[in-house]
Amino acid sequence: MTKSFTSILILLTAVAASAETGRDAWLRYVPVRNQEAETYREVVVLGHSEVVRTAEEEVMRGFRGMLGRELRVVARPSRPAIVLGTAAYIKQTFPEIQRLDRIGVDGFQLVRHSGSLLIIGGNDSGVLYGAFSLLRRIALRQPMEALENPSAPIRWTNEWDNLDGIIERGYGGRSIFFADGDVAGDLTRAKEYARLLASLG
């Protein structure tokens with residue numbers, strides 16, 4: 001009986017270890033309990049930019065992974081919702097929201113309003129950064145309301161990828177951007193890397 005149990009435990013550990021590659025880093029969205037986040041049922045997107053739509057997709061992915069919940073996409077909230085939009089769109093839709101001028105370029109504010117949570121960006125990128133901040137706060141069970149502005153107008157990583165695929169500065173391995181003197185044919189990992197960078201603002 002003990003040997004069987006030990007064998008099963010070793011097998012389950014091996015399966016779990018093989019499933020975790022580290023590729024998603026901190027964006028795995030593993031299940032958590034967060035009663036406050038569990039109240040939200042819908043998602044509303046104000047605007048049509050690709051960046052804001054990416055923020056919507058990330059919020060839905062995060063809720064699905066962490067809370068096991070599919071948010072319903074609606075035009076106007078009828079239940080507690082996550083509302084995403086730039087300050088300009090929020091001002092049109094919720095004119096009673098004040099002090100949006102505190103949100104800088106690439107900055108964001110997370111604020112509760114009428115049972116919903118608004119992710120208000122200074123621009124489209126700010127909406128995306130705010131979405132990642134909300135998901136981080138849900139995972140860490142931190143307060144959801146916040147105002148954050150970048151400490152520097154330009155943020156970058158220190159990398160040096162050559163066209164032949166050799167890397168002189170940055171992460172290990174060969175370049176995910178270039179190969180054999182040209183742009184890499186498969187940029188899947190570059191997209192994943194961009195997502196990790198965006199999650200850091």
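Let's start at a pocket: the second largest one takes the largest share of its lining, five residues, from helix H4. This is a predicted model, and H4 is a handy thread to follow through it.

Staying with that pocket for a moment, its space comes to about 290 Å³. It is lined by 15 residues, and those closest to its centre are Trp-26, Leu-27, Leu-135, Arg-136 and Ala-139. Sorted by class, the lining has twelve nonpolar residues, one polar and two charged.

Now for H4 itself. The helix covers residues 124-140, 17 residues in total, and spans 25 Å from its first C-alpha to its last, close to the expected 24 Å. Twelve of those 17 residues are buried, so H4 is largely enclosed by the rest of the structure. Among the buried ones are Val-127, Leu-128, Tyr-129, Phe-132, Leu-134 and Ile-138, and Arg-137 is on the list too. What do the buried residues of H4 pack against? Their partners are helices H2 (50-67) and H5 (188-199), along with strands S3 (81-86), S4 (108-113), S5 (116-121) and S6 (146-148). Just after the helix comes Arg-141, with a positive phi of about 55°.

That brings us to the inside of the protein. In soluble globular proteins, nonpolar side chains tend to be buried together. Here the largest nonpolar core has 33 residues, and the members touching the most others are Val-59, Phe-63, Ile-82, Leu-84, Ile-119, Leu-134 and Ile-138. Strand S1 (42-45), H2, S3, S4, S5, H4 and H5 each put in at least two residues. Which element gives the most to this core? That is H4, with eight residues.

Leu-84 is a good place to zoom in. Leaving out residues up to four places away in sequence, Leu-84 touches Val-43, Val-44, Val-45, Leu-46, Ala-55, Glu-56, Val-59, Ile-119, Val-127 and Ala-131. There is also a second, separate core, made of 14 residues, including Ala-81, Ile-97, Val-111 and Leu-118.

Next, have a look at the largest pocket, with a volume of about 450 Å³. Of the 15 residues lining it, Thr-54, Glu-58, Arg-61, Lys-191 and Arg-195 lie nearest its centre. H2, H4 and H5 each supply at least two residues of this lining, and H5 gives the most, with six. What classes of residue make up the lining of the largest pocket? There are nine charged residues, five nonpolar and one polar.

One more residue deserves a visit: Asp-106, in the loop between helix H3 (87-93) and S4. Is Asp-106 buried or exposed? With a relative accessible area of 15%, Asp-106 falls under the 20% cut-off and is therefore buried. Setting aside neighbours within four places in sequence, Asp-106 is in contact with Asn-123, Ser-125, Gly-126, Tyr-129, Pro-150 and Arg-155. Of these, Ser-125, Gly-126 and Tyr-129 fall within the H4 range of 124-140. Asp-106 also sits 9.0 Å from Glu-148, C-alpha to C-alpha, with their positions 42 residues apart in sequence.

Stepping back, the protein has five helices and ten strands. Buried residues account for 38% of its 201 residues. Among contacts with a separation of 6 or more, 60% join residues 24 or more positions apart.

Notes. Residues are numbered from 1 along each chain as its sequence is written. This is a predicted model: local features need pLDDT of at least 70, side-chain atom pairs count only at pLDDT 80 or more; totals for chains, interfaces and linings use all residues. Side-chain values use heavy atoms; hydrogens and water are left out. Helices (H or I, at least four residues) and strands (E, at least two) are DSSP runs, numbered from the N terminus. The expected span of a helix is 1.5 Å times one less than its number of residues. Buried means under 20% relative accessible area, exposed over 50%, partly exposed in between (1.4 Å probe, protein chains only). Contact means heavy atoms within 4.5 Å. A nonpolar core is a set of buried Ala, Val, Leu, Ile, Met, Phe, Trp, Tyr and Cys residues joined through side-chain atoms within 4.5 Å. On a 1 Å grid over the protein atoms alone, a cavity is a set of points where a 1.4 Å probe fits but cannot get out, and a pocket is an open set with protein on both sides within 12 Å along at least five of seven lines; lining residues have an atom within 4 Å of a point. Grid points are joined across faces, edges and corners, and a volume is the space filled by probe spheres set on the points. Ala, Val, Leu, Ile, Met, Phe, Trp, Tyr, Cys and Pro count as nonpolar, Asp, Glu, Lys and Arg as charged, and the others, Gly among them, as polar.
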